[in-house]
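This report examines one buried polar residue environment, the nonpolar interior and one helix. Please consult the sequence and the model below.

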Amino acid sequence: MEVKKDLFYSNDHEWVRVEGEKAYIGITDYAQHSLGEIVYVELPEVDNELNAGEVFGVIESVKAASDSYLPVSGKVLEVNEELSDSPQLINEDPYASWVVLIEMSDKSELDNLMNAQEYEEFCSKED
């Protein structure tokens, strides 16, 4: 399982890469391994305002469908359209294959997320 040191992580296995007031969000290596072969990604609408904890999309694999929960509140600026045609990109590199880019409305919500070490410990307890 790969965990990137410079990201934030949620209990729902989403990662967050912060760039100023913007945040790229995707699912973790742990999540994509658990799901198996990803066959479909449902993306949110651009300009949607979402709160932390709300479902922003669905990731379907040959095993199951899984809701994705927004780790921080904000406005959807962009979605990764590549995933519509090639959802398997998440299996190939989950940290390069972000799902959504948001403009955060409350950066302090990052304090509720885990760093890499905390996330590794969290995942070891899940197994």
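The sections below treat a serine, the nonpolar cores and a helix in turn.

The model is predicted: local features need pLDDT of at least 70, side-chain atom pairs count only at pLDDT 80 or more, and totals for chains, interfaces and linings use all residues. Residues are numbered from 1 along each chain as its sequence is written, and side-chain values use heavy atoms, without hydrogens and water.

Ser97 lies in the loop between α3 (89–92) and β9 (100–104); helices (H or I, at least four residues) and strands (E, at least two) are DSSP runs, numbered from the N terminus. With a relative accessible area of 7%, Ser97 is buried (under 20%; exposed is over 50%, partly exposed in between; 1.4 Å probe, protein chains only). The side chain of Ser97 approaches two backbone oxygens, as tabulated.

| Backbone oxygen | Distance to side chain of Ser97 |
|---|---|
| Leu89 | 3.0 Å |
| Asp93 | 3.0 Å |

Leaving aside neighbours within four places in sequence, Ser97 is in contact (heavy atoms within 4.5 Å) with Asn80, Leu83, Leu89 and Ile90.

The largest nonpolar core (buried Ala, Val, Leu, Ile, Met, Phe, Trp, Tyr and Cys residues joined through side-chain atoms within 4.5 Å) has 24 residues, of which Ile25, Val41, Ile90, Val100 and Ile102 touch the most other members. Another core, of 13 residues, lies apart from it and includes Val3 and Trp98.

In α4 (residues 116–126), Ala116, Tyr119 and Cys123 are buried. The buried residues of α4 pack against β1 (8–9) and α1, whereas the face turned away from the buried side carries the exposed residues Gln117, Ser124 and Lys125.

Conventions
Polar contact = N/O pair within 3.5 Å; in protein donor to acceptor, adjacent residues only side chain to side chain.
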